[in-house]
Amino acid sequence: MSTTELPAREAMEFDVVIVGAGPAGLSAAIRLKQVAPEASVVVVEKGSEVGAHILSGAVIDPIGLDSLIPGWRSEDTPIKTAVTADRFYALGSSGALRLPLALMPPLMSNHGNYIVSLGEVCRYLARKAEALGVEIYPGFAAAEVLYENNAVAGVATGDMGIGKDGQSKSGFTRGMELRGKYTLLAEGARGSLSKELIERYGLAHDREPQKYGIGLKELWQVAPDQHRRGLVQHTLGWPLGNATGGGSFIYHFDDNLVAVGFVVHLNYKNPYLSPFEEFQRFKTHPLVSDTFKDGKRICYGARAITEGGYQSVPKLVFPGGALIGCAAGFVNVPRIKGSHNAMLSGMLAAEHVAAALAAGRANDELSAYEAAWRSSPIGSDLWRVRNAKPLWSKLGTFAGIALGGLDMWTNTFGFSLLGTLKHGKPDSATLLPAAQCKRIAYAKPDGKLTFDRLSSVYLSNTNHEEDQPPHLIVRDPALQRSSELGVYAGPSSRYCPAGVYEWVEEGGTPRYVINAQNCVHCKTCDIKDPNQNITWVPPEGGGGPNYPNM
Ligand SMILES: Cc1cc2nc3c(=O)[nH]c(=O)nc-3n(C[C@H](O)[C@H](O)[C@H](O)COP(=O)(O)OP(=O)(O)OC[C@H]3O[C@@H](n4cnc5c(N)ncnc54)[C@H](O)[C@@H]3O)c2cc1C
Ligand code: SF4
């Protein structure tokens, strides 16, 4: 059967349809059932189980959790490690300068925060949601937005069992329509349906472009004498040059676990830069390398993080629904924290949805949610740090961080000398032609502290059905060859953290090979491709990484 002759989809009706079981989606679901117990709420999640696609640091600010589940501290939760020590370093190639915390604005303090696996926290939230009667369907990607009279009327999950050739295979199952009075998009950074809605309804009109970083992370079981339970350590500087934004995090938690990660801002200019290799190089610094001696790397993954902040948040509402969490982009960049705002925005939207349902409304604009967020704790959290990222981008790491810190201090007292700075270009427009840039030589991995991409992807437990339509769509292959390769020397083969893209020579002609089954759903290609020629769409539900506790 060809896809043009598919049978009609079955439809299920709900009050509220939520796309994505991350902190935003699950908090919205829980809050809805708390304030409107009769409301029917469904959550679809593309990971094989809740948490399978969640990757974060993570040090969480419990402000969201305290408001959602006030008694969580007396329960058995996966939130077991309070932050006990907080260190910040500027790195040179062999030295490290510890920055006094007293110089940092109070909002940077991690006192009172917790080190967690955000995936485990999401599993805990999912149990809470289900106990309240929320229906959660993991293993189903929301692949299509349903529209009625120019309003969003729900989503459809993707068909399963369609081959590469577009023909249905044995085991074919038609997707399901999940129709709702309101649909909340909680897809996280660069959500595919969220992107469609932002474009269709012009939600980013008059806003600064959204900015992103790519965050790569490994989880290590370290030797007991290297573990400092509760220690949070951040660095900036080496191995990145002053003109490239980013930095590292190292969090010691639970039983001898260390989360180590590296974020590279995706407005970098040199197409030869490889965020993956920079991360591997970072671990060799004398400040940190001993931590991993005699340790074992147990998991790897990567995910984009939103960095645009206050001035890049799009209009949150459209007829029939709203964006919540990082689908809108509520990360506080200097704090590298977004999960608290993801939760708070989910709750805030839920309260406005519940009020609309109580008033008998459906499929209209939740304008009160849009009006409320800037004066909520989310707005004040992002307002105070709104110039940090633009200063970092314009002045480089050291001057940018120094001036950004000063601006955050003045904002602590309610004013800024700088107003609200702009970001300028989207990240897809920042690469320079390769001819203007220097190649970067990266050392070979040693297999103990530093690794290659393929052995890393293996640790993400990534799996996709191979015989399915492509989920990485190159709109114009000729443009990819002439520009991505010809002008920019093939940056996708370096920015992709999973080795999905390769240019291989075949009979003297370069061929673009896309190893889609390795994709860890970080969304970097959709963001960074210089011609916006690559579009990420959800593959069959259940495919992708299977993170146990990232
Ligand atoms: C490397 C890194 C480090 C970070 N460190 C911290 C930290 O220390 N502290 C902190 O507070 N924040 C941190 N953040 C930010 C934090 O992770 C995010 O702000 C937070 O996860 C956003 O929550 P969310 O629910 O909006 O989206 P996500 O957590 O991204 O969840 C979205 C969910 O939706 C699912 N989904 C997406 N599209 C679809 C679809 N079409 N159909 C079905 N399901 C879909 C995804 O599979 C996923 O499960 C970090 C982020 C990164 C990348
Ligand atoms: S193909 Fe794209 S989304 Fe997938 S891992 Fe590579 S850069 Fe990330």
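This passage describes the largest pocket, a nonpolar surface patch and a small set of paired strands in a predicted model.

Local features require pLDDT of at least 70 and side-chain atom pairs pLDDT 80 or more, whereas totals for chains, interfaces and linings use all residues. Residues are numbered from 1 along each chain as its sequence is written, and side-chain values rest on heavy atoms, without hydrogens and water.

The largest pocket (an open set of points on a 1 Å grid over the protein atoms alone, with protein on both sides within 12 Å along at least five of seven lines) holds about 710 Å³ of space, a volume being the space filled by probe spheres set on the points. Its lining (residues with an atom within 4 Å of a point) comprises 38 residues, with F88, M108, L236, P334 and I401 nearest the centre. Helix α10 contributes the most, with 9 residues; elements supplying at least two include β5 (85-91) and α9 (388-395). Helices (H or I, at least four residues) and strands (E, at least two) are DSSP runs.

On the surface, L395, L403, L406, F413, F415, L417 and L418 form a nonpolar patch with about 710 Å² of accessible area together. Patch members have over 30% relative accessible area and no salt bridge, nonpolar side chains being joined within 5 Å; a salt bridge places a side-chain nitrogen of Lys or Arg within 4 Å of a carboxyl oxygen of Asp or Glu. Areas follow the Shrake-Rupley method with a 1.4 Å probe. F415 is found in the loop between α10 (397-412) and α11 (453-458).

Strands β3 and β7 (residues 114-115) run antiparallel and are joined by 2 bridges, pairing requiring at least two DSSP bridges. I60 has Y114 of β7 as its bridge partner.

Terms used
Chains are lettered from A and ligands numbered from 1 in the order in which they are written. Patches are made of residues with over 30% relative accessible area and no salt bridge: like charges are joined within 9 Å, nonpolar side chains (Val, Leu, Ile, Met, Phe, Trp, Tyr) within 5 Å. On a 1 Å grid over the protein atoms alone, a cavity is a set of points where a 1.4 Å probe fits but cannot get out, and a pocket is an open set with protein on both sides within 12 Å along at least five of seven lines; lining residues have an atom within 4 Å of a point.
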